[in-house]
Amino acid sequence: MAKTKTVYYCSSCGAEAPKWSGQCSDCGEWNTLSETTAVVSSRQRAANTSYTGSNITQVQSLDSVEPDDVQRIATSISEFDRVLGGGLVPGSVTLIGGDPGIGKSTLLLQALVNLSQQQTTLYVTGEESLQQVSLRASRLGYSEAKVPLLASTQIETILQQAQSSKPQVMVIDSIQTMFTDELTAAPGAVSQVRECAAQLVRFAKQTQTTVFLVGHVTKEGTLAGPRVLEHMVDTVLYFEGESGERYRLIRAVKNRFGAVNELGVFAMTDKGLREVSNPSAIFLSRHEQAVPGSVIMVTLEGSRPLLVEVQALVDDSQLANPRRVTVGFEHNRLAMLLAVLHRHGDIVTGDQDVFANVVGGVRVTETGADLAVLLAIMSSLRNKTLARDMIVFGEVGLAGEIRPVPNGQERLMEAFKHGYKRALIPAANAPQKAPEGMEIIAVDRIAEALDAC
Ligand code: TYD
Ligand code: MG
């Protein structure tokens, strides 16, 4: 017997509430609850419980469970394989989020064309017509590719097709356009997105199909609709960078089969996305001469060190509340660094606008950028340049100390490989044996770092 009930879903966190209220009791967002009619039959509820695809309900001891040998499938796009943790895992579900026009459909089409030479594939498009997909394919030079396409937005039809054609890799573009007959809400509503994703996850686990879900992001940069999507899937990848820029970065923010924060770098060309296998050098602006406010740092994204340029501009403010603006760097950390600079370096920026920018659309999420940002601010404030051949990394603590960051040696080697001859780094990161010809300036306190420059 099917029974109908009305529930309210929060569009921000996906929480379910029996009653409407102005504020979501789970995440505290206002005006996010929307009403849907949920029909839950007892048959479906039973099916809901089996997410993992395993029917064993006995208790087993951990040591008696043999791990499956995960056979990874390479997509032949090595930067994509890298963020996935070394290729596709059969039965895994991957969510790819990103701004409109950033290249989600392009990347997945390229991957599917490569995969279709050895695997059975299926590309489900809910946003574009088959003609539009074919137009893109011919633009990419794949007009001869034999990738099965399906234009549909109804999840039951899609799963039925998939049951009969048995693809090994399936792409759903996008999850927000899908709907199930079991719910009355419009496609894109939280309940629809959630239920469709749940059905696809179940299908993937039961049939060992690798599924890619394309997800839209909101203005704030998180996935539109429920955050719960991120909990349901195995891997979450985000496209970073601006759609107007040439370089596109893909970051793994969750990965059950590999490292997170792993970064894949691509360039958008007129023939689709091309991998950039040596990305270190592309994020530097290569000034003719040293300029004030510019510092080169080595950041570590996943397992790969990356040279990036941090810029700062400090200017007399006309405002009562001077501006603090960051691009590619956490806003709160800038405020913290300015406070540390004031207390431990006696440098006042209270009457100055401070802008900090990481060049090239890179988003630095680690604390190793602190020292570089701090020195860039000082350099701009004093209008003095730093040595051109110097790199910087290190975390700044509230007590004015310079703290070590992971993988110091790797960062130094990367800088050395690109011709940098000096490194200003935390004392605890100082290597026992520096690369030959590289001068290491190891500092413990902010004052020492400022003196050294
Ligand atoms: P698309 O993959 O459709 O983005 P998404 O699915 O994330 O919305 O990418 C479309 C953009 O990429 C569009 O602005 C045009 C550009 N593009 C190229 O520059 N070169 C190409 O070869 C292709 C296919 C797209
Ligand atoms: Mg698209």
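In this predicted model, the protein chain is divided into three parts: domain 1 covers residues 1-43, domain 2 covers 72-277 and domain 3 covers 282-452. The C-alpha centres of domain 2 and domain 3 are separated by 36 Å. To the contact between these two domains, domain 2 contributes 16 residues and domain 3 contributes 11 residues. The size of an interface is often expressed as the accessible area that is lost when the parts come together. For domain 2 and domain 3 the buried area amounts to about 1100 Å², and carbon and sulfur atoms account for 48% of it.

Ligand 1 is surrounded by 16 residues. Those that come nearest are Gly 101, Ser 105, Thr 106, Arg 136 and Gly 272. Sorted by class, the shell around ligand 1 consists of six charged, six polar and four nonpolar residues. Three elements of secondary structure, namely α3 (104-115), α4 (130-139) and β11 (263-269), each provide at least two residues of this shell. The largest share comes from α3, which supplies three residues.

Several backbone atoms of the protein lie at short range from oxygen atoms of ligand 1, and the polar contacts can be listed by residue. For Gly 101, a backbone N or O atom is placed 2.7 Å from an oxygen atom of ligand 1. For Lys 104, the distance between a polar backbone atom and an oxygen atom of the ligand is 2.8 Å. For Asp 270, the corresponding distance from a polar backbone atom to a ligand oxygen atom is 3.2 Å. Ligand 1 taken alone exposes 560 Å², and the protein buries 76% of that area.

Two features of backbone geometry were also noted, each in a loop that adjoins α6 (190-207). The peptide bond that runs from Asp 173 to Ser 174 is cis, its omega being near 0°. Ser 174 belongs to the loop between β7 (169-173) and α6. The other feature concerns Gln 208, which has a positive phi of about 60° although the residue is not a glycine. Gln 208 is located in the loop that connects α6 with β8 (210-216).

Notes: Residues are numbered from 1 along each chain as its sequence is written. Chains are lettered from A and ligands numbered from 1 in the order in which they are written. This is a predicted model: local features need pLDDT of at least 70, side-chain atom pairs count only at pLDDT 80 or more; totals for chains, interfaces and linings use all residues. Side-chain values use heavy atoms; hydrogens and water are left out. A residue is near a molecule or strand if one of its heavy atoms lies within 4 Å of it. A polar contact is a pair of N or O atoms within 3.5 Å; within protein, one must be able to donate a hydrogen and the other to accept it, and residues adjacent in sequence count only if both atoms are side-chain atoms. Accessible areas come from the Shrake-Rupley method with a 1.4 Å probe; for residues, only the protein chains shown count as cover. Helices (H or I, at least four residues) and strands (E, at least two) are DSSP runs, numbered from the N terminus. Ala, Val, Leu, Ile, Met, Phe, Trp, Tyr, Cys and Pro count as nonpolar, Asp, Glu, Lys and Arg as charged, and the others, Gly among them, as polar. Domain bounds come from an automatic or database domain assignment. Contact means heavy atoms within 4.5 Å. Buried area is the accessible area (1.4 Å probe) that two parts lose on being put together, summed over both.
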